[in-house]
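Open the model in your viewer and keep the selection panel handy. We will go from stop to stop, and at each one you will get something to select and a short account of what is there.

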Amino acid sequence: MAEGKAAAAVREDRLWQRHADMAKLGGTPKGGVNRQALSAEDAAARNLLGAWATARGFSLFTDAIGNLFVRREGTDASARPVMSGSHMDSQPTGGRFDGMYGVLAAFESLEALEDAGLRTRRPVVAVAWTNEEGSRFQPGAMGSAVFAGHNRLDEMLQVKDWKGVVLKDALAETLKAAPAPLRDGPPGFPLDFYVEAHIEQGPRLENEKKTIGVVTAIQGSRRYIVSVAGEEAHAGTTPRAARKDAFAAALRIAQAMYEATTDRDDTLRFTIGRVDVAPGSPNTVPGKAVFTIDMRHPSDAVLDTHEKKLEEIVAARAAPCTAGIERVTAVAPTVFDPAVIDLVRAKAGALGLPNMDMPSGAGHDAMHIAKLCPSGMIFVPCERGISHNEIENATPQDLAAGARVLAEVLAALANR
Ligand code: GLV
Ligand code: MN
Ligand code: MN
C-alpha cells in the first residue's frame, strides 16, 4: 500500500464540518453540547452518523448495549477487523470534541481509504461506544467494558440514572429513535487492533508545541458513592446537639478526604463532582446526603492505599449519622501495546508532525479494548487543555493532523 495515500485523502474541511454538524445536536448557548448517554440528543447523533455511513456504502450495526459500528469491508473475508472510535455522549456541560473527535476521525479514516481507492486486507470498523462519560449512568466506559466482558450486560441494563430511569428503558427508546441492525448475541466480537483518537484534555501538547501525543498508558481510576443517613428535623427548633445533619457529616467526611488525598507531587487526582442533599428544603435539617468520588493514579497500589483511607474516614467521621462508601468502578492502569505505540510515533514522524510520548490522565474506551487486542491512542491538542467544559476547543488543522496519523496507522494495521 502506498505510504501516505490515506493521510493525503483526509479532508480537513469535511472533518471540521462534521464536528459542526454534530455540535448542533444538544448544542448549548456557550458553544458546547449536552448530549448525555441514551438521551434524545444521543439518538440524533447516532442517526446522523448512520446516515453518513449509509451514504458512503458502509454497513451499520449495533449491539445489545447500543454500541454503534460502521464497517468498511476488507478483501479477506476471514480476516479480523481493525477498529477505531470513541464516544458521542457528553458531559452535561460538555465540549464538542471530547469523544466525538475519536468517532469522526475514525469515520474520516474510512472515507479517506474509500476516496483514495485503497483496499485493505482486513475490514476497518469505526465505533461509537455507549455511555463513555458515565455522568448520567454509572459506570462510564460502559459500552466498551461490556464489549470486553469487564462489565455484565444484565447488570448494566438495570443501572438507574439520577432520576431513577432504568438504562434498559433509555436504551430501548434510543434504539427505537435511532434504529440500526442489531448484531445477535452478547456484545463483543474478535478484533486484532484498536486505535482511538482523542483530544488531549490537558495542556501538555499545547505547552510543548507538539501536534501529536503518542499515548503510552492510561492511569487507573476508581469511582465511589458515599451515602450519609441522618434525621430530618425542623431547622428553627432543633438544637445542634439533637441534630443528625447528614450534610454536616458529609462535609466532615469530604474535608478529611481532601486532606488524606493531597500528595506532595500532585499525582493523585481526587474529585467530588456531585452532591445530592435531601429532602432539599431550606428549613429542614437534611436527612440524607450522597456524593460521588472520582479518584485516579498511575499505580493501583496507591489507589488501594487511599481506598482504605477513604473507608476509614467514612467510618470515623459519620457520627451521629451513619454512612457507607460503595465502589462503583475500578479500572486498573492501562499500558498500550509497544508495537502500536511505535507505529503511531513512526506515522506521525513520517508526516512531519511534531510529537511526544505521553500518558493519559483521562479515561477512555481504549482502556477496556486494550485487554482484548494490541491497542493504542493518538492525542491532539485542545485549547489551554480545557475539557469537560462547554468552551473546549481545538483547531481544524490539529484535528486533521491526528486523523491523518490515524488513517495511516489503520491502513497499515489493516494490511497486516
Ligand atoms: C472520561 O471522561 C473520564 O472521566 O476520564
Ligand atoms: Mn472522552
Ligand atoms: Mn469525557
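How far apart are the manganese ion (ligand 3) and the manganese ion (ligand 2), and which residue coordinates both? Select the two ions together with Asp98: the ions are 3.6 Å apart, and Asp98 coordinates both of them. Keep in mind throughout the tour that this is a predicted model.

**Stop 1: the manganese ion (ligand 3).** Add Glu133 and His388 to your selection. The donors here are an OD atom of Asp98, two OE entries from Glu133 and NE2 of His388, at 2.1 to 2.4 Å. Along the chain these donors are spaced as D-x34-E-x254-H. Now colour by secondary structure: Asp98 lies in the loop between strand 3 (82-87) and helix 4 (100-115), while His388 lies in the loop between strand 16 (375-380) and helix 13 (396-414). The two are 290 residues apart, so this pair links distant parts of the chain.

**Stop 2: the manganese ion (ligand 2).** Next, select His87 and His198. Each gives its NE2 atom to this ion, and Asp98 contributes an OD atom, with distances of 2.0 to 2.3 Å. The spacing of the donors reads H-x10-D-x99-H. His87 belongs to strand 3 and His198 to strand 5 (residues 193-199), with their positions 111 residues apart in a pair that links distant parts of the chain.

**Stop 3: ligand 1.** Move on to ligand 1, which sits in the largest pocket. Show its surroundings: Glu132, Glu133, Arg296, Ala362, Gly363 and His388. Sorted by class, this shell has three charged, two polar and one nonpolar residue. Glu133 and His388, which you have already selected as donors to ligand 3, appear in the shell too.

Try the distance tool on oxygen atoms of ligand 1:

- to an N or O atom in the Arg296 side chain, 2.6 Å;
- to a polar backbone atom of Gly363, 2.6 Å;
- to an N or O atom in the Glu133 side chain, 2.9 Å.

Taken alone, ligand 1 exposes 200 Å², and the protein buries 92% of that.

**Stop 4: backbone details.** Most residues other than glycine have a negative phi, and most peptide bonds are trans. Three places are worth a click in that light.

- Gln138 and Pro139 are joined by a cis peptide bond, with omega about 0°; Pro139 is in the loop between strand 4 (124-129) and helix 5 (142-147).
- Ala319 to Pro320 is also a cis peptide bond, with omega near 10°; Pro320 is in the loop between helix 10 (300-317) and strand 13 (322-331).
- Leu38 has a positive phi, near 60°, and is found in the loop between helix 2 (12-23) and helix 3 (40-55).

Key. Residues are numbered from 1 along each chain as its sequence is written. Chains are lettered from A and ligands numbered from 1 in the order in which they are written. This is a predicted model: local features need pLDDT of at least 70, side-chain atom pairs count only at pLDDT 80 or more; totals for chains, interfaces and linings use all residues. Side-chain values use heavy atoms; hydrogens and water are left out. A residue is near a molecule or strand if one of its heavy atoms lies within 4 Å of it. A polar contact is a pair of N or O atoms within 3.5 Å; within protein, one must be able to donate a hydrogen and the other to accept it, and residues adjacent in sequence count only if both atoms are side-chain atoms. Accessible areas come from the Shrake-Rupley method with a 1.4 Å probe; for residues, only the protein chains shown count as cover. On a 1 Å grid over the protein atoms alone, a cavity is a set of points where a 1.4 Å probe fits but cannot get out, and a pocket is an open set with protein on both sides within 12 Å along at least five of seven lines; lining residues have an atom within 4 Å of a point. A molecule sits in a cavity or pocket if more than half of its atoms lie within 2 Å of its grid points. Ala, Val, Leu, Ile, Met, Phe, Trp, Tyr, Cys and Pro count as nonpolar, Asp, Glu, Lys and Arg as charged, and the others, Gly among them, as polar. Donors are N, O and S atoms within 2.8 Å of the metal (3.2 Å for Na, K and Ca); water is not among the atoms, so sites may look incomplete. Helices (H or I, at least four residues) and strands (E, at least two) are DSSP runs, numbered from the N terminus.
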